[in-house]
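Q: Please take a close look at the cysteines of this chain. Which of them are joined, which are left unpaired, and why?

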Amino acid sequence: MSVLLLVLSALVLIYFSIGGKTAAIVMSVATLVGVANDGWHLLSFVIGGLLLALALLITLPGDLRLDKFSRPLLGWVRSRLPKLSPTEQEALNSGSVDWDGELFSGKPEWNKLLDAAPAHLTSEEQAFLDGPVEELCKMLDDWQITHEHYDLPDKVWKFIRDKGFFGLVIPKEDGGLGFSNTAHSEIVMKISTRSVSAAVTVMVPNSLGPGELLMHYGTDDQKHHYLPRLAKGKEIPCFALTSPVAGSDAGAIPDKGIVCKGEWNGKEVLGLKVTWNKRYITLAPVATLIGLAIKVYDPEKLLGGNDDIGVTCVMVPRETDGVNAGARHLPMNTVFMNGPTWGTEVFIPMEQVIGGQDMLGKGWKMLLECLSIGRSISLPALGTGAGKLASLATGSYAYTREQFGRTISQFEGVQEALEPIAGYTYMMDAARLLTAGMLDRGVRPSVPSAVLKYRNTDLMREVINHAMDVVAGRGVITGPRNFLARAYQAVPIGITVEGANILTRSLMIFGQGAIRCHPFIVEEIEAAGMEDEDKAAKQFDGIFYRHLAHTTRNALRAFVLGLSKGWLETAPRQGDIQKYYRQLGRFSAAFALMTDVTLLTVGGGLKARQRLSGRMADCLVQLYYATAVIKQWHEEGYPDDQRDLVEWCLQTCLHDLQDSMRDAIINFPAPALRWPLRLLVFPLGATGLNGPDDKLGAKVAATIVNDTPVRQRISRGTFINMDPDDPLGRVLNAYNLANETAEMRQRLHEAIRNRDEDELDGIALLMGHQRKELVDWACAQGIIKADECPKMEEALTALYDVIRVDAFDADGLKALAKGAKGKRKVVERPAKG
């Protein structure tokens, strides 16, 4: 009895984070009560003594605990903590922590999520979306751009410049539009639903590049000169980071700048002799201002410091002697300007260093902080745009396409593909808006930006693949009629650029997040790295015991909540989704526990344990996206018509989270810890979170098929075109006509099915293109009223037109291969013979 009392007392103290003198007093009382109850029982005495000693240890006089316990512990901890390179240390110090820190804490404060200022648009930003963005989308013909011009038309380039698309986020006082990050995301997303090439052209100057870097780090002279020119499109920027041999390893950049004196505008000045060779650089073929990431060296000690100064960001005007650019890459048949740039010993003055001479060697931190913004907006917006386009077009197509006398959207196999298209698109949009809201609050979300880039581009691939399965042959024939081909071809671009997804998942998300977002690790690493042993020991002493209590509390929370299936966790009542809050709280505790155990046992070897790091990254991804869905539903006022979508997303995230955590545990690199971890995290087994059932899946599939407000919500932000000669407009026009004539067509199908074949007057032999004959027969039979016949014929014509595909004669294909306009014809019926 005394043992049970002691253990329960300790558990309660730790679970509720009660420490210090209060804990010592409680454990003393529990020990005395236990002894009084059981007498001097050896077991109770030993356990009580140990627990009391632990409580007293925390309350010992500082110097005694410091000398006897903390100093020896510091030496051991130093051997376990990951050792950071200078580049990694800069990455750790860049950016800021927001909601991601709550997920790593093990006990998220839900009010911080629900009360945070949401993403929103001003009236001016909405007017720009409804005006210039809408007008730009109308000007874009993706087939012509990608197969005839291999570029945006001149009038489009001019419109983009004149309307300020290159200065979306540049402040108004510097000539830009001064829009929010949310507006930037919405604009890129909408354009991407029309043309990926145009969207990339707009997004790059507004994300990572000279403009973004100048706004945050430029000198006053640099800002006054360059920002107005960039905002008005008088300068076209690019930023060159990737080198052929370095890839994503910034520490291996071979491009260099040597400090020297040279001539600039007729005067001898101090500057850099720059040599570089970059590739995959968007806008490089047309850029007039080339941003470069290089390593700067000062072998002659002209600056009086070290030889190796470090990564630096510079600007090189295109017309400078020795600059080479203009050749083009062709990324997966999308034709945004992309290509290599190189130069050998090109001299630039110190005034071309972004931020001036004082910013030499500080380029990596600059890049990381700006990259966290760009990665939170550009590619996540493209991924969400692809999902919205796929939802709108594929849901419409599934409703208009008929087989066996009924729409294919009624087939369970098709519904199984439509379901994730709708659910993942809603999920991507929610995560995009959560992160944009952070940016607008001034957060620099280094970890969420990696999460968002990785997951949204990965879900883009999932959604587009499912859409291609539904559209089938209609989606694989290239031509002006195809509304999915370009999105399908562009998928690998998003997966690959700005840090390939394999790298982002297996190294960046958890590797950076486990340290950056942990409430104690950063201070412990700082203590371990101090040269002053006394100072190091004091800082370590002030943090380690709180870390120990934090880990123990999360272990207890994970175990108790696992046993109770989350029911002991408190949860907000809004939305009536307490069961999901409880499960997310449970898994946050388990994730925090796994993080500490991983850092304790794997430590500096985490970079080599990329399967473990990847699985832990997947856990964080699911936590982040589930909470993003909750946040978005909260901001929209918990509309009931979105409940099926919300529940599908939450059930999917929790199921995938459970699987990722289970896989991380059963493959944990320290085998002796696998069973203890399974006991703590899954005391009742990894069961109970099975994901959405078929009934819910069918409802979610219907959200992009049925003409309802929730379908409009999922596709919100998509460019809508109802022109029957437009690739998307053709499908949407047919969809509207199919809805208008649904009852008429149902009468026609029933009439054909219910009559004997010899009574059909040959109608069963009519081919699909003989629509007039079919309508005339239906009218003659009284199946369709006379005033309904024109609308019926229009609908059948549109429905047939949707399934037609492009065909080219031999000369037309040869002309296309040469980049000229090919002769195209649409085959109405098979050729005779």
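A: What follows looks at the cysteine pairing, after a short word on the chain around it.

This is a predicted model, in which local features need pLDDT of at least 70 and side-chain atom pairs count only at pLDDT 80 or more, while totals for chains, interfaces and linings use all residues. Residues are numbered from 1 along each chain as its sequence is written, and side-chain values use heavy atoms, with hydrogens and water left out.

The chain has 33 helices and 11 strands, these being DSSP runs numbered from the N terminus, with helices (H or I) of at least four residues and strands (E) of at least two. Of its 833 residues, 56% count as buried, where buried means under 20% relative accessible area, exposed over 50%, and partly exposed in between, with a 1.4 Å probe and protein chains only. Among contacts (heavy atoms within 4.5 Å) between residues at least 6 apart in sequence, 76% join residues at least 24 apart.

Within this chain, the structure holds 1 disulfide, a term that here means a pair of cysteine sulfur atoms within 2.5 Å. In general, a disulfide is a covalent bond between the sulfur atoms of two cysteines. The partners are Cys 779 and Cys 789, whose sulfur atoms lie 1.7 Å apart in the model. Cys 779 belongs to helix α31 (residues 771–780) and Cys 789 to helix α32 (residues 789–803), with the two positions 10 residues apart in numbering. The link of Cys 779 and Cys 789 is left-handed, with -120 degrees about the S-S bond. The two partners fall into separate accessibility classes: Cys 779 counts as partly exposed, at 24% relative accessibility, whereas Cys 789 is buried, at 11%.

Cys 649 and Cys 653 give another picture. The cysteine sulfur closest to that of Cys 649 is in Cys 653, and because the distance is 6.5 Å, it is too far for a bond. Seen from the other side, the sulfur of Cys 653 has that of Cys 649 as its closest cysteine sulfur, again at 6.5 Å and too far for a bond. Both side chains are nevertheless in covered positions, since Cys 649 is buried with a relative accessible area of 0% and Cys 653 is buried with 1%.

To return to the request, the joined pair is Cys 779 with Cys 789, while the sulfur of Cys 649 is too far from that of Cys 653 for a bond.
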